[in-house]
Amino acid sequence: MIKTHHIEFYMGSQEEKMEGFIEDFPYAPLYVELDKYAGRFVPWHWHKAVELFYMESGQLEYYTPKHKIIFPEGSGGLVNSNVLHATKNRKGREKNIQLIHMFDLSLIAGVKGGRIDQKYIQPVCQASQIEIVPLFEDHPKEAEILRRIRQTFDLSEDETGYEIKLREELSKIWMSLFEYIMPQLEQKEQYDKDNDEIKAMMIYVHEHYGEKIRVRDLAEAACISERECFRVFQKYLHMTPYSYVESYRIQEACRMLEEGRDSVTYIGQACGLGSSSHFGKIFREYTKDTPTQYRKKWQDSDRKRR
């Protein structure tokens with residue numbers, strides 16, 4: 001399994017870069033250490049791959065445009081393809097481990113546009129009402145699906161036929177989920193253009209976070225009014241455009257502190273957070289540490305992992 005405690009994006013996007021994905025087998029098993037993420041949260045993002053997860057320990061808050069769901073140890077669920085979402089460690093510094101099957105649906109769909117794809121895959125992917133499917137142990141049907149999800153992480157990559165066995169298990173889980181959410185699939189919803197608008201504005205922030213960003217700039221990136229910009233950010237991310245820009249800058253500052261040796265002054269300016277004193281004040285509000293303390297903690301933990 002791939003241990004991860006940070007998130008990377010494709011350039012010019014807020015689409016998550018899938019570590020471990022290869023073209024001939026688009027799948028990655030992730031061992032996510034949420035308590036080691038910057039600020040102990042995973043920022044808003046999306047990915048074409050579906051996210052099938054199990055909470056090994058701790059508690060996690062999942063945010064989507066329409067929902068906020070708390071997942072305790074032993075629960076799990078499915079995040080649909082291309083759905084905006086963010087997660088937050090609910091218990092502070094408590095150990096928080098999430099196991100994730102991240103896979104492109106072509107892995108179980110087979111031929112694009114084929115019968116399996118049309119009957120069982122696309123109806124889910126195209127259902128805007130299906131953002132996330134939560135599963136909890138106290139519900140018999142959900143508990144059975146959770147058991148299967150957890151067991152698949154015990155498959156060994158060294159075992160003969162691993163890829164076929166994994167695909168078979170993921171297909172069975174998908175079919176169980178498909179049957180379970182079928183009533184929701186029958187409730188058709190119209191396509192929401194706001195989804196494209198918020199992604200366009202997030203991409204703009206990703207490309208220009210080191211510069212001065214005005215609400216007008218964000219609105220123009222999505223071809224909407226400034227008033228509409230505020231409405232869409234509130235609807236999808238539950239925050240103002242200003243709050244999102246600042247949180248993204250902090251996220252990039254964390255990455256630079258973790259990965260490089262640039263001075264705190266340089267990082268603050270490069271991320272659009274101003275002088276070292278202003279940067280330090282805002283950074284501490286988000287992470288509870290000064291930039292210097294954060295870098296030292298990260299480097300110390302990184303040495304231990306090695």
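A residue counts as buried here if its relative accessible area is under 20%. Keep that cut-off in mind as you look at this predicted model: of the 306 residues in the chain, 49% count as buried. The chain has 11 helices and 10 strands. Among contacts with a separation of 6 or more, 73% are between residues 24 or more positions apart, so let's see some of the places where distant bits of sequence meet.

Start with the strands. Strand β2 covers residues 27–33, and it's mostly covered, with 6 of its 7 residues buried. Its partner is strand β9 (residues 97–103), and the two run antiparallel, with 7 bridges between them. If you'd like one bridge to find on screen, go to Pro29, whose bridge partner in β9 is His101.

Next, the aromatic rings. A pair of these rings is described by how far apart the centres are and by the angle of the planes. How many aromatic pairs are there? The count comes to 12. Take Phe53 and Phe71: their ring centres are 5.0 Å apart and the planes sit at 80 degrees, which makes the pair edge-to-face. Phe53 belongs to strand β4 (residues 50–57) and Phe71 to strand β6 (residues 68–71), so this pair ties together parts that are 18 residues apart in sequence. Both Phe53 and Phe71 are buried. They also have company, since Phe53, Tyr62, Phe71 and Phe136 form one aromatic cluster.

Another edge-to-face pair is made by Tyr120 and Phe178, at 5.4 Å centre to centre with 75 degrees between the planes. This time helices are involved: Tyr120 is in helix α2 (residues 115–125) and Phe178 is in helix α4 (residues 162–185), so the pair links parts 58 residues apart in sequence. Are these two rings buried or exposed? Phe178, at 9% relative accessible area, is buried because that falls under the 20% cut-off. Tyr120 has 27% relative accessibility, so it counts as partly exposed.

Rings can have a charged neighbour too. Lys199 lies over the face of Trp46, 4.7 Å from the ring centre.

Now for the nonpolar cores. In soluble globular proteins, nonpolar side chains tend to be buried together. The largest nonpolar core here has 38 residues, and Ile198, Met201, Leu218 and Leu237 have the most contacts inside it. The elements giving two or more residues to this core are α5 (194–208), α6 (215–221), α7 (226–237), α8 (241–259), α10 and α11 (291–305). Helix α8 supplies the largest share, 8 residues. Zoom in on Ile198 and, leaving aside neighbours within four places in sequence, you'll find it in contact with Leu84, Val232, Phe233, Tyr236 and Leu237. There's also a second, separate core of 32 residues, and Leu99, Ile145, Leu166 and Trp174 are among them.

Finish with helix α10, residues 276–287. At 1.5 Å a residue, its 12 residues should span 16 Å, and its end C-alpha atoms are indeed 16 Å apart, so the two values agree. Which residues of α10 are buried? They are Phe279, Gly280, Ile282, Phe283 and Thr287. An α-helix has 3.6 residues a turn, so residues three or four places apart point the same way. Check that spacing against the buried residues of α10 on screen. Just past the end of α10, Lys288 takes a positive phi of about 70 degrees.

Terms used
Residues are numbered from 1 along each chain as its sequence is written. Side-chain values use heavy atoms; hydrogens and water are left out. Rings of Phe, Tyr and Trp (its six-membered ring) pair if their centres lie within 6.5 Å; planes under 30 degrees apart count as stacked, over 60 as edge-to-face and the rest as tilted. Helices (H or I, at least four residues) and strands (E, at least two) are DSSP runs, numbered from the N terminus. Buried means under 20% relative accessible area, exposed over 50%, partly exposed in between (1.4 Å probe, protein chains only). A charge sits over a ring if NZ of Lys or CZ of Arg is within 6 Å of the ring centre and within 35 degrees of the ring normal. The expected span of a helix is 1.5 Å times one less than its number of residues. A nonpolar core is a set of buried Ala, Val, Leu, Ile, Met, Phe, Trp, Tyr and Cys residues joined through side-chain atoms within 4.5 Å. Contact means heavy atoms within 4.5 Å. Two strands pair if DSSP finds at least two bridges between them.
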